[in-house]
Amino acid sequence: MSFPKKPGGKGLDVLQNLPRITLANLRPEPGARKNEKRRGRGQHGGNRSGRGHKGERQRGTRPRLGFEGGQTPFYLRIPKYGFNEGHSRRPQYQPLTLKRLQYLIDLGRIDPSQPIDLTQLVNARGVTIQPLKRDYGVQLVDEGSDIFVAKINIEVQRATEGAIAAIERNGGIITNSFYDPISLGILIKPVPFFMRGQPIPKRMLPGEDMVPYYMSAENRGYLADPEEIQQARRALAQKYGYVLPDISKDELCHMLAMRKDVRQIFFGLSPGWVVNMPEKKILKPTDEKLLQYYSS
Amino acid sequence: MYKMAAGLLTLRVLRASSGFCRRTPAAAGGLRAASSDAPQDKRAVITESTEEYKFVERLIPPTRIPDPPKHVGAAPSGWIPPAESPPPLPYMIRRSRMHNIPVYSDLTHGNRRMTLVRKVEGDIWALEKDVRQYLRQVTGKELPTQVNEVTMTLKVKGHFEQELKDWLASRGF
């Protein structure tokens with residue numbers, strides 16, 4: 001039903017029938033404006049003007065906030081502890097709930113028939129990553145795991161056990177892979193990177209502390225052994241009490257099994273290639289030393 | 001699934017077939033035929049290809065918001081699509097850009113709770129009457145409401161975002 005827009009409606013009708021509005025005709029709603037309390041005037045505002053009787057209160061010479069009359073104040077009694085020490089060097093992961101992921105798939109913003117990457121999530125405006133604020137990617141959180149019903153091949157940077165279970169229960173695949181900050185910046189905004197005309201760099205391997213996380217099969221790390229991952233899938237299915245669906249018999253098996261190489265940032269594009277967007281071409285190096293470097 | 005191996009293979013194939021010779025094909029062909037040790041000097045620094053460009057097209061962000069696919073009833077995430085035809089009421093509430101119901105909760109001054117219904121078209125006073133009646137049923141209280149005929153919005157005191165969203169979705173908006 002299309003409604004022709006009548007600006008103002010009843011208000012406009014009333015306005016047109018009343019006499020002209022001037023400052024003389026306007027008045028605020030009674031009780032809307034309250035007069036301020038003016039100190040030093042009259043019986044109630046004057047005399048001591050709300051300052052009390054003598055002492056530091058009336059004379060305005062009270063000590064600083066936290067002073068306890070000479071006793072060691074609370075904020076000095078408590079010893080220091082490094083709760084926030086190195087907070088600016090800690091990696092942060094933007095959380096992504098399974099509920100939001102399901103919502104994005106339902107609204108057609110994410111295509112479940114293609115592997116889901118951080119680029120796809122950012123293009124769908126599902127998450128916002130700020131690599132300059134020590135964000136190292138996205139983490140999958142298991143809020144909404146009971147309503148999650150989608151078979152996807154997803155790659156995130158961290159995932160909780162419940163989230164892994166929910167995805168594998170529906171026949172999907174989840175991988176945890178590491179992106180160093182430069183690669184992450186390129187992954188999030190590929191088009192500005194391609195416009196720079198630089199060759200695609202190779203993805204760096206994780207640092208010492210993160211290697212155990214990405215090599216363990218329980219976390220479905222990208223550096224882990226595939227057989228161990230299969231065992232871990234079966235173990236998780238037993239733990240959470242669902243039947244592990246067989247993926248090799250699936251029609252989308254090829255898409256689900258797609259995984260990026262350890263040094264690759266984008267699907268289908270190797271490091272060392274330069275993308276020419278205006279002419280829709282890809283330039284590849286032929287020098288042996290370069291090829292050796294980029295394939296190492 | 002090592003795409004690197006596949007990439008290198010295609011590289012070798014392409015290097016053999018194409019080179020910098022696109023500019024002067026006849027002359028380069030002639031030069032190659034003439035000198036036998038030419039391959040070392042004439043080898044191209046880069047090779048071009050257009051086959052893998054489809055992977056780049058996958059990475060370009062879309063400029064328009066995609067239409068949601070057809071769902072029968074509610075989607076698994078709880079999203080309810082609008083009815084096929086608008087309901088036969090004197091007012092209409094459009095969906096937002098992201099295909100959601102435009103009801104929002106607001107909190108100002110730390111304790112002032114309001115619910116805002118935007119994108120109303122038609123007779124907004126009828127909507128206000130229906131909303132007041134529905135909330136009276138739900139809460140048992142008479143809630144103050146404010147109608148803005150210029151912006152065609154409705155404000156209700158209190159947080160009733162979820163209740164109003166469910167009610168409007170059930171009505172087919």
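This is a guided tour of a two-chain model, moving from the contact between the chains to the sheets inside each of them.

Before selecting anything, note that the model is predicted, that local features need pLDDT of at least 70 and side-chain atom pairs count only at pLDDT 80 or more, while totals for chains, interfaces and linings use all residues. Residues are numbered from 1 along each chain as its sequence is written, chains are lettered from A and ligands numbered from 1 in the order in which they are written, and side-chain values use heavy atoms, with hydrogens and water left out.

**Stop 1: the contact between the chains**

Colour the two chains separately and select the residues in contact, meaning those with heavy atoms within 4.5 Å; chain B contributes 53 residues and chain A contributes 52. The size of an interface is often given as the accessible area lost when the parts come together. Here the buried area, which is the accessible area (1.4 Å probe) that two parts lose on being put together, summed over both, is about 4400 Å², and carbon and sulfur atoms give 62% of that.

Twelve residue pairs, both members at pLDDT 80 or more, are in polar contact between chain B and chain A. A polar contact is a pair of N or O atoms within 3.5 Å; within protein, one must be able to donate a hydrogen and the other to accept it, and residues adjacent in sequence count only if both atoms are side-chain atoms.

Now select, in chain B, α1 (3-17), β1 (46-49), α4 (53-59), β2 (91-93) and β5 (120-122), each of which supplies at least two residues of the side of chain B that touches chain A. Helices (H or I, at least four residues) and strands (E, at least two) are DSSP runs, numbered from the N terminus. The largest share of that side, eight residues, comes from α1(B). Sorted by class, the side of chain B that touches chain A holds 33 nonpolar, ten polar and ten charged residues, where Ala, Val, Leu, Ile, Met, Phe, Trp, Tyr, Cys and Pro count as nonpolar, Asp, Glu, Lys and Arg as charged, and the others, Gly among them, as polar.

Which residues should be shown as sticks for a salt bridge between the chains? Select B:Glu48 and A:Lys281, whose side chains meet at 3.1 Å, N to O; the rule, a side-chain nitrogen of Lys or Arg within 4 Å of a carboxyl oxygen of Asp or Glu, finds two salt bridges across this interface.

Next select β7 (residues 281-285) of chain A, which pairs with β1(B) in the antiparallel sense over four bridges; two strands pair if DSSP finds at least two bridges between them. Within this pairing, A:Lys284 stands opposite B:Thr47.

**Stop 2: inside chain A**

Move to the open sheet of three strands in the order β1-β2-β4, where the pairing is parallel. β1 (92-97) and β4 (158-159) stand at the edges with a single partner strand each, so one side of each is left without a neighbour in the sheet. Six bridges join β1(A) to β2(A), and A:Thr97 stands opposite A:Val141 there. On the other side of the order, β2 (residues 135-141) and β4(A) pair over two bridges, with A:Leu140 matched to A:Ala159 and A:Gln139 to A:Arg158.

For a long-range link, select A:Lys260 and A:Asp117, which form a salt bridge with the closest N and O atoms 2.7 Å apart. A:Lys260 lies in the loop between α12 (253-256) and β6 (274-276) and A:Asp117 in the loop between α5 and α6 (118-123), so the pair ties together parts of chain A that are 143 residues apart in sequence.

**Stop 3: inside chain B**

Finish at the open sheet of four strands in the order β3-β4-β7-β6, with antiparallel pairing. β3 (103-108) and β6 (145-148) are the edge strands, each with a single partner strand, so one side of each is left without a neighbour in the sheet. Strands β3(B) and β4(B) pair over six bridges, B:Thr108 standing opposite B:Arg112, and they form a hairpin with three residues between them, in whose turn B:His109 has a positive phi of about 55°. Strand β4 (residues 112-117) also pairs with β7 (residues 153-157) over four bridges, where B:Met114 has B:Lys157 as its bridge partner.
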